[in-house]
Amino acid sequence: DLLDQKNIVVQRGGFGPWTRLSDAGKRLRWLNEQHKYHDVLVEFEDLHAQMVNLPESSEEVENVDTWNVRESILNAAEIAAIRLGLWEKALVLIDERLSIKNARHAPALTIAQTQFNKYGALLGLHRSDEARNVLASCREVFEQAQSWGDIARVFSAIADVEHHCALSDPEHARERVKRAIANQQTALRYDYMSGHTGECATSHWKLADYLLQDAGSPESALAHRLASAMLQMQTGDAQLSAQIQNLSLQFRSFAPGPPPLPATFAELCRIVE
């Protein structure tokens, strides 16, 4: 509603088409927040056609960077495509965004952060080797930049690839699960280095997923589930309620019975450390 009101003011103010497109891009992002991914892709087609036909510079007043508008709209469509499992479309959108970044000589770190998004789509297409190559090239850039949060994302993604391969390769599943655990543990360490509590909570939870597939680790799995929930409780995370429900279901699902809960907070720390 506020955006509709702003559009009227922008038009009265005589701002150009790129400024108006920028607001349309914000609308796509908010539609994604409402999980209206099909609507995003439908609206994107019209916006994309407008962008293709617009000159880079406008004779009207603009208060936005053209490249930023293009990338934001493409990114919103990319997110929607990924949520809908439209992997090929997601790859096309990522490549278009990368071409814009290369054309404006964006920093190597920024380009690698966008390139990273390819891994999920490639994994969805069962192109695991290509996904590994993408992650390897991104990791090199992230390490050079000492971007701890991005390095954490790479190791978590590698764990994801190993887990994906374990599901399709029963003969080597146990070995791959072990590698997934090791990579997710590394991701967790880098998440703590980056100081992003939300990512730390997510890493604890993902690590628990992999530990649950390792028959000898129910105590550790439960401890990481608890650590994730405690981080969310301390930071007021909106996902806490769902996390508690999941934790309760998980606790009751252990066979032949749940492992003992840590007796103290110190004991919980000892296990997850």
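**Pockets and a helix pair in a predicted model**

The lining of the largest pocket splits by class into 12 nonpolar, 8 polar and 8 charged residues. This comes from a predicted model, and the pocket in question holds about 750 Å³ of space. Its lining runs to 28 residues, and Ile82, Arg83, Phe116, Asn117 and Arg153 are the ones closest to the centre. Several helices chip in: α2 (17-33), α4, α7 (118-124), α9 (148-168), α10 (173-194) and α11 (197-212) each give two or more residues to the lining. The largest share belongs to α4, with 6 residues.

Next comes the second largest pocket, with a volume of about 440 Å³. Here 19 residues make up the lining, and those nearest the centre are Leu188, Tyr192, His204, Val272 and Glu273. Two or more residues apiece come from α10, α11, α12 (218-235) and α14 (265-272). This time α12 supplies the largest share, again given as 6 residues. Sorted by class, the lining of the second largest pocket has 12 nonpolar, 5 polar and 2 charged residues. Helices α10 and α11 turn up in the lists for both pockets, the largest and the second largest.

Back to α4, this time for its packing. Helix α4 (residues 66-83) packs against helix α5 (residues 87-103) at an angle of about 165 degrees, and the two axes are 9 Å apart. An angle over 145 degrees counts as roughly antiparallel, so α4 is roughly antiparallel to α5. The crossing of the two helices is left-handed. On the α4 side, the contact is made by Trp67, Arg70, Glu71, Leu74, Asn75, Ala77, Glu78, Ala81 and Ile82. Helix α5 answers with Trp87, Lys89, Ala90, Leu93, Ile94, Glu96, Arg97, Ile100 and Lys101. By class, this α4–α5 contact comprises 10 nonpolar, 1 polar and 7 charged residues. Ile82 thus has two roles to note: it takes part in the contact with α5, and it is among the residues closest to the centre of the largest pocket.

Over in α12 sits Leu226. Leaving aside residues up to four places away in sequence, Leu226 touches Leu247, Leu261, Pro262 and Leu268. Between Leu226 and Ile82 there are 30 Å in space, C-alpha to C-alpha, and the two are 144 residues apart in sequence.

Technical notes
Residues numbered from 1 in each chain as written. Predicted model: local features only at pLDDT ≥ 70, side-chain atom pairs only at ≥ 80, totals over all residues. Heavy atoms only, no water. Axes fitted to C-alpha atoms, helices over the stretch in contact; angles between N-to-C directions. Helix = DSSP H or I, 4+ residues; strand = E, 2+ residues; numbered from the N terminus. Parallel < 35°, antiparallel > 145°, perpendicular 65-115°, else oblique. Left-handed = near helix turned anticlockwise from the far one by under 90°. Contact = heavy atoms within 4.5 Å. Nonpolar A, V, L, I, M, F, W, Y, C, P; charged D, E, K, R; others polar. 1 Å grid on protein atoms, 1.4 Å probe; cavity = no way out; pocket = protein on both sides within 12 Å on 5 of 7 lines; lining within 4 Å. Points joined across faces, edges and corners; volume = space filled by probe spheres on them.
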